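This briefing gathers selected side-chain contacts for a reader who has the coordinates at hand. It takes cysteine links, aromatic rings, charges over rings and burial in turn.

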Amino acid sequence: WGTEPFLERTPAREGTGTAPGLWWQLAALLALPLLLLLLSTPHCAPQTPLIRGDALEKSCLQQPLDCDDIYSQGYQTDGVYLIYPKGPSVPVPVFCDMTTVGGRFLVFQKRFNGSVSFFRGWNDYKLGFGRADGEYWLGLQNLHLLTLKQKYELRVDLEDFENNTAYAKYADFSIAPNAVSAEEDGYSLYVAGFEDGGAGDSLSYHSGQKFSTFDRDQDLFLQNCAALSSGAFWFRSCHFANLNGFYLGGPHLSYANGINWAQWKGFYYSLKRTEMKIRRA
């Protein structure tokens, strides 16, 4: 109705010729644009499994926050879906693992063939890169918004080039949970409650650390760990996990700059596949 008060209904004065239903007609005319807007708004489109990573936004009154929401809506097939951590007008494609030990996992880091370079700067790691139907990184800001709204557990799935697999699980996972400004806080990592799935614990060492890239050094080492390790991570001095390092295809001679999970394969073995994924605890 706008900011001005609506006209008060008063009896028509004699001699003015005002029809008895004039005020109701006026109200109907004023309401017509709103009615047309409501009728022109598209209905909520359902999620489509295995949509492309460049899927368009679908208007919906209740957009899913994460893969838990999507699973509860009846979509229980692995694939790419849209979530809305930033609000109803900003859809974000993610890969949902709906089958591993009950499913509902939102994958925020995925590597399996080296097709996407992970040696990138701060802005890329803040906003995300790659495609959800391939290798990708969801973005630190998205991770912060998700873990600000819900409590999550973390699972790290690993595979080597001999087809051996292992995992590590953490009952609590969050990004900058107490920060007024997550970026100024450095998107610090918090993990706790380790459970061993054969991989060993290479991540607890990094808990409490800020995220570092080659162009934003926030680690505790004298030199830039991201540059030394050819990656980007929550480095300390420097790492036991370097899952965003170079894709070096198994054993390598260079020290600690491959896709390393030290407690499983050491600093001279670059893994074939990694997935970091979260679901509601």
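## Side-chain contacts and burial

Cys238, with a relative accessibility of 13%, counts as buried because the cut-off for that class is under 20%. The model is predicted, and its count of disulfides comes to 2, while its count of aromatic pairs comes to 22.

**Disulfide between Cys225 and Cys238**

- Cys225 and Cys238 form a disulfide in which the sulfur atoms are 2.0 Å apart, and this link is left-handed, with -85 degrees about the S-S bond.
- Cys225 belongs to helix 5 (residues 225-229), whereas Cys238 lies in the loop between helix 5 and strand 9 (241-242), so the disulfide ties together parts that are 13 residues apart in sequence.
- Cys225 counts as buried because its relative accessibility is 0%.

**Disulfide between Cys67 and Cys96**

- Cys67 is joined to Cys96 by a disulfide with an S to S distance of 2.0 Å, and the link of Cys67 and Cys96 is left-handed, with -80 degrees about the S-S bond.
- Because Cys67 lies in helix 2 (residues 67-72) and Cys96 in strand 2 (residues 92-97), the pair ties together parts that are 29 residues apart in sequence.
- Cys67 and Cys96 are both buried.

**Aromatic pairs and the ring cluster**

- The aromatic pairs number 22 in this model, and one of them is formed by Trp137 and Trp234, a tilted pair at 6.2 Å centre to centre with 50 degrees between the planes.
- The pair of Trp137 and Trp234 links distant parts of the chain, with Trp137 in strand 5 (residues 136-137) and Trp234 in the loop between helix 5 and strand 9, 97 residues apart.
- Trp137 counts as buried because its relative accessibility is 1%, and Trp234 likewise counts as buried, at 0% relative accessibility.
- Tyr205 and Phe240 form an edge-to-face aromatic pair, 4.9 Å centre to centre and with 85 degrees between the planes.
- The pair of Tyr205 and Phe240 also links distant parts of the chain, since Tyr205 lies in the loop between strand 8 (189-197) and helix 5, and Phe240 in the loop between helix 5 and strand 9, 35 residues apart.
- Tyr205 is partly exposed, with a relative accessible area of 28%, and Phe240 is partly exposed as well, with a relative accessible area of 29%.
- Ring pairs also link a cluster made up of Phe108, Phe118, Trp122, Tyr125, Phe129, Trp137, Phe173, Tyr187, Phe211, Phe233, Trp234 and Phe235.

**Charges over rings**

- Arg120 lies over the face of Phe129, at 4.3 Å from the ring centre, and Phe129 is itself one of the residues in the cluster linked by ring pairs.
- Lys277 has its charged end over the ring of Phe105, at 5.7 Å from the centre of that ring.

**Burial of helix 4**

- Helix 4 (residues 140-149) is largely enclosed by the rest of the structure, because 7 of its 10 residues are buried.
- The buried residues of helix 4 are Leu140, Asn142, Leu143, His144, Leu145, Leu146 and Thr147.

Methods
Residues numbered from 1 in each chain as written. Predicted model: local features only at pLDDT ≥ 70, side-chain atom pairs only at ≥ 80, totals over all residues. Heavy atoms only, no water. Disulfide = S-S within 2.5 Å. Helix = DSSP H or I, 4+ residues; strand = E, 2+ residues; numbered from the N terminus. Buried < 20%, exposed > 50% of the residue type's maximum accessible area, 1.4 Å probe, protein only. Phe/Tyr/Trp six-rings, centres within 6.5 Å; stacked < 30°, edge-to-face > 60°. Lys NZ or Arg CZ within 6 Å of the ring centre and 35° of its normal.
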